[in-house]
Amino acid sequence: MTTTSSGAAVRLTALRRVHRDVTALDGVDLAFPAGSFTAVMGPSGSGKSTLLQCAAGLDRPTSGSVAIGGTALDGLSERRLTLLRRERVGFVFQQFNLVPSLTAAQNVALPLRLAGRRPSRAEIGEALRRVGLADRARHRPGRLSGGQQQRVAIARALITRPAVLFGDEPTGALDTATGRDVLRMLREVTDRDGQTVVMVTHDPVAASYADRVVFLVDGRLAGELAAPTAERVAAHMTGLEAVAC
């Protein structure tokens, strides 16, 4: 396992990912500072989800490198890569990906159990309390609303105290009000706990919760906005989509 001197929570260098004959990422150089909240946006097919998968160690790039917390992922065995993800990475998906036969508490405990740990009731209870679901610990996903399921998924992602939390359209399956609650929760992860959040979204309002928005077009970087507002993000996206057409 190679350790670099990078000060970034995640660093991508000359990142390329080719799927058959399609170049999803084409030489991306990008760093996500520790303790920051970054949104990644772009037109459909721009490479957003591929970038997130490579940055989180869920997919291997065709060339280039990824480093998480200064540790280069290049050449790691699948086992060591899995261990690194368990220790340093949390991931929240659009469709929640909860185990339907497990209670909320059991779903939250799952990453620790997979890592060979037996979490205490207090530890699980605190994780659920943090997302406002302490009274839903014994409920299975089928008895929870979409927003509650996503909050359980966030608690599950955070219980290992990862250095980086990745979200792939985490509000995409939620109504507007519930989605805003989830975004405020992600904002708090950075502001209160100093963790790094990287989120793919198509929603300018969601992106406005971030410190910075990074734009992709055809697998290449196409600018960024600091201190974004929904209006500025929407205007930038409109320009990118016009060019893409």
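1. Let's start with helix H3, residues 104–114. In this helix Ala104, Ala105, Asn107, Val108, Ala109 and Leu112 are buried. Bear in mind while reading that this is a predicted model. If you like to think in turns, an α-helix has 3.6 residues a turn, so residues three or four places apart point the same way. The cover over the buried residues of H3 includes helix H4 (121–130) and helix H5 (146–158). After H3 comes Gly116, which has a positive phi, near 85°.

2. Next, the nonpolar interior. The largest nonpolar core has 44 residues, and those touching the most other members are Val108, Leu128, Val152, Ile154, Phe215 and Val233. H5 gives the most to this core, with 6 residues. There is also a second, separate core of 28 residues, with Val10, Leu15, Val28 and Leu30 among its members.

3. Val233 is worth clicking on. Setting aside neighbours within four places in sequence, Val233 is in contact with Met41, Pro204, Ala207, Val213, Phe215, Leu225 and Pro228. Phe215 shows up again here, as one of the core residues that, like Val233, touch the most other members.

4. Now the aromatics. The count comes to 2 aromatic pairs. For Phe91 and Phe166, the ring centres are 6.1 Å apart and the planes sit at 25°, so this pair is stacked. The pair links distant parts of the chain, with Phe91 in strand S7 (residues 89–92) and Phe166 in strand S8 (residues 164–168), 75 residues apart. Together, Phe91, Phe93 and Phe166 form one aromatic cluster.

5. Are Phe91 and Phe166 buried or exposed? Phe91 counts as buried because its relative accessibility is 11%, under the 20% cut-off. Phe166 is buried as well, with a relative accessible area of 0%.

6. On to the largest pocket, which has a volume of about 470 Å³. It is lined by 15 residues, and the closest to its centre are Arg85, Arg86, Val89, Phe91 and Pro111. So Phe91 of the stacked pair turns up in this lining too. Helix H2 (78–88), S7, H3 and H5 are the elements that give two or more residues to the lining. By class, the lining has 8 nonpolar, 4 polar and 3 charged residues.

7. The second largest pocket has a volume of about 340 Å³. Of its 14 lining residues, Ala105, Arg121, Ile124, Ala137 and Arg138 are the closest to the centre. Two or more lining residues come from each of H3 and H4. This lining divides into 7 nonpolar, 4 polar and 3 charged residues. Note that Ala105 is one of the buried residues of H3.

8. Finally, the enclosed space. How many cavities of 30 Å³ or more are there? The count is 1, and about 40 Å³ of space lies in the largest cavity. Its lining is made of Arg130, Val131, Ile154, Leu158, Met185, Glu188, Val189, Arg192 and Asp193. H5 and helix H6 (176–193) are the elements that give two or more residues to this lining, and H6 has the largest share, 5 residues. By class there are 5 nonpolar, no polar and 4 charged residues around the cavity. Ile154, met above in the largest nonpolar core, is part of this lining as well.

Notes:
Residues are numbered from 1 along each chain as its sequence is written. This is a predicted model: local features need pLDDT of at least 70, side-chain atom pairs count only at pLDDT 80 or more; totals for chains, interfaces and linings use all residues. Side-chain values use heavy atoms; hydrogens and water are left out. Buried means under 20% relative accessible area, exposed over 50%, partly exposed in between (1.4 Å probe, protein chains only). Helices (H or I, at least four residues) and strands (E, at least two) are DSSP runs, numbered from the N terminus. Contact means heavy atoms within 4.5 Å. On a 1 Å grid over the protein atoms alone, a cavity is a set of points where a 1.4 Å probe fits but cannot get out, and a pocket is an open set with protein on both sides within 12 Å along at least five of seven lines; lining residues have an atom within 4 Å of a point. Grid points are joined across faces, edges and corners, and a volume is the space filled by probe spheres set on the points. Ala, Val, Leu, Ile, Met, Phe, Trp, Tyr, Cys and Pro count as nonpolar, Asp, Glu, Lys and Arg as charged, and the others, Gly among them, as polar. A nonpolar core is a set of buried Ala, Val, Leu, Ile, Met, Phe, Trp, Tyr and Cys residues joined through side-chain atoms within 4.5 Å. Rings of Phe, Tyr and Trp (its six-membered ring) pair if their centres lie within 6.5 Å; planes under 30 degrees apart count as stacked, over 60 as edge-to-face and the rest as tilted.
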